[in-house]
Amino acid sequence: MADHKLHPAVTVSNIRTFVPITLDNEAADYNTWSELFRIHCTAFLVADHLEPRSPSPTATPSTDKEKQSASPPTDSWERLDAIVLQWIYGTISTGLLKTVIKKSTTTYDAWKAIENLFQDNKATRALFLKQKFANTRLENFSSMHAYCQEIKVLADQLNNVDAPVDEQDLVLQTIAGLTEQYETVGTILQNTKPLPSFFEARSQLCMNETTKANQALHSSQQAATALHVQSQTRSFSANPNTTASQNTSDTTRGRGRGRSSTSQPTRSRGHPNYPAQSQHPYIIFPNNWATTQCASLLNNTYNPQSNQTPPCPYPSTPRPNGSQGILGPRPAHAHMATYSPTPTDIA
């Protein structure tokens, strides 16, 4: 029993792996789709099904060795043609499928029908594509990559309708469609001799776009930082006592026990509390004493022999004459020093 060889086309389980594009009437992907499909058919030994079927040869090899080397896989031509036709139907849209599908058609018939749909009326298509090619501008695209891609697709479409675009015209049109933001790099490219290729110009333009985007991002970050610092400065200027009041509240907190309250004096360990009217623990100022003395000095009515008692650095509470102190009975007459302040000349 002769060994049966398996044809490579039979091993393809998913055509989408090799032709990832879905051809549609509205899309301009016929050139890409047809090229990928032709490459795939050539790789799997079925490229002859895209051409008219040739008559089967009548001559046969004379020897068994020639038969073994020249014999194709045993799968019939009709089966292989049906497999390639399935590939075509699996890579086009539903609307396009309804347009080209026919009963008992072959791969070549379907291939030519699709080609005629996208390649008919070449003169009209060439005129339309030339106008679109000349009016393509960067400002109508979101990025430099999308702009250059559209320029390349239009050039390929013009080549397929017998209106080829050479490399120089492609590069010059790409430069002509740039915005003012890329005027410098466009001038450098068009003055380069010899003129760079389309892919070299595209690479420089995309790199320039990336550089400008990074610079804009850095500038925005610096502006945001400066705005944040300025807002903090304004808030501090509007409330200058906020920090001081916080520091004062921190310093008035004692370490002693008990609850602190605004209605109670602050208590701290090891330090006694004194009346609010005196800043010295041993000097007791009479009420309104300082105000009275200042008023008498201003009115020139100051009398150093007045009965107003000046502040004394020691307790001046009177005691009974018969009381006994620490050193014994109080003497009958005691010397009392009189405080005689000297009036100050006020200019």
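Let's start with helices H7 and H8, the second of which covers residues 167–176: their axes come within 11 Å and cross at roughly 145 degrees. This is a predicted model, by the way, so please keep that in mind as we go. H7 passes H8 in a right-handed crossing. If you want to find the contact on your screen, look for Tyr147, Cys148, Ile151, Lys152 and Ala155 on the H7 side, and Leu170, Gln173 and Thr174 on the H8 side. Sorted by class, the residues of that contact are 5 nonpolar, 2 polar and 1 charged.

Now stay on H7 and turn to its other partner here, H6. H6 spans residues 122–134 and H7 spans residues 144–160, and the two pack at an angle of about 160 degrees with their axes 9 Å apart. That angle makes H6 roughly antiparallel to H7. Which hand does the crossing of H6 and H7 have? It is left-handed. From H6, the residues that take part are Lys122, Ala126, Leu129, Lys130, Lys132 and Phe133, and they meet Glu150, Ile151, Leu154, Ala155, Gln157, Leu158 and Asn160 of H7. In this contact of H6 with H7, we count 7 nonpolar, 2 polar and 4 charged residues.

Let me pick out one residue, Ala126, which sits in helix H6. Buried or exposed? Ala126 has a relative accessibility of 10%, so Ala126 counts as buried. Leaving aside residues up to four places away in sequence, Ala126 touches Leu158, Val161 and Ala163. Also have a look at Pro164: Ala126 and Pro164 are 38 residues apart in sequence, yet their C-alpha atoms are 9.4 Å apart in space.

Next, the nonpolar cores. How many residues does the largest one have? There are 26, and those with the most contacts inside it are Leu23, Trp33, Phe37, Trp87, Ile92 and Ile114. Four helices each supply at least two residues of this core: H1 (30–43), H3 (77–90), H4 (94–100) and H5 (107–119). H3 gives the largest share, with 7 residues. A second, separate core has 25 residues, and our friend Ala126 is among them, along with Leu138, Tyr147 and Cys206.

Back in the largest core, Ile114 is a nice one to click on. Not counting residues up to four places away in sequence, Ile114 touches Leu23, Tyr30, Trp33, Ile88, Ile92 and Val100.

Ile114 also brings us to the packing of H1 against H5. These two helices pack at an angle of about 155 degrees, with axes 11 Å apart. H1 and H5 are therefore roughly antiparallel to each other, and H1 passes H5 in a left-handed crossing. H1 contributes Tyr30, Asn31, Trp33, Ser34, Phe37 and Arg38 to the contact, while H5 contributes Trp111, Ile114, Glu115, Phe118 and Gln119. By class, the contact of H1 with H5 has 6 nonpolar, 3 polar and 2 charged residues.

Finally, let's zoom out to the whole chain. It has 12 helices and 2 strands. Where do the strands come along the sequence? The pattern reads α-α-α-α-α-α-α-α-α-α-α-α-β-β, so to speak, with the two strands at the end. Of the 347 residues in the chain, 22% are buried. And among contacts with a separation of 6 or more, 63% join residues 24 or more positions apart. Thanks, everyone, and I'm happy to go back to any of the helix pairs.

Technical notes: Residues are numbered from 1 along each chain as its sequence is written. This is a predicted model: local features need pLDDT of at least 70, side-chain atom pairs count only at pLDDT 80 or more; totals for chains, interfaces and linings use all residues. Side-chain values use heavy atoms; hydrogens and water are left out. A nonpolar core is a set of buried Ala, Val, Leu, Ile, Met, Phe, Trp, Tyr and Cys residues joined through side-chain atoms within 4.5 Å. Buried means under 20% relative accessible area, exposed over 50%, partly exposed in between (1.4 Å probe, protein chains only). Contact means heavy atoms within 4.5 Å. Axes are lines fitted to C-alpha atoms, for helices over the stretch in contact, and angles run from 0 to 180 degrees between N-to-C directions. Angles under 35 degrees count as roughly parallel, over 145 as roughly antiparallel, 65 to 115 as roughly perpendicular and the rest as oblique. A crossing is left-handed if the near helix is turned anticlockwise from the far one by less than a right angle, and right-handed if clockwise. Ala, Val, Leu, Ile, Met, Phe, Trp, Tyr, Cys and Pro count as nonpolar, Asp, Glu, Lys and Arg as charged, and the others, Gly among them, as polar.
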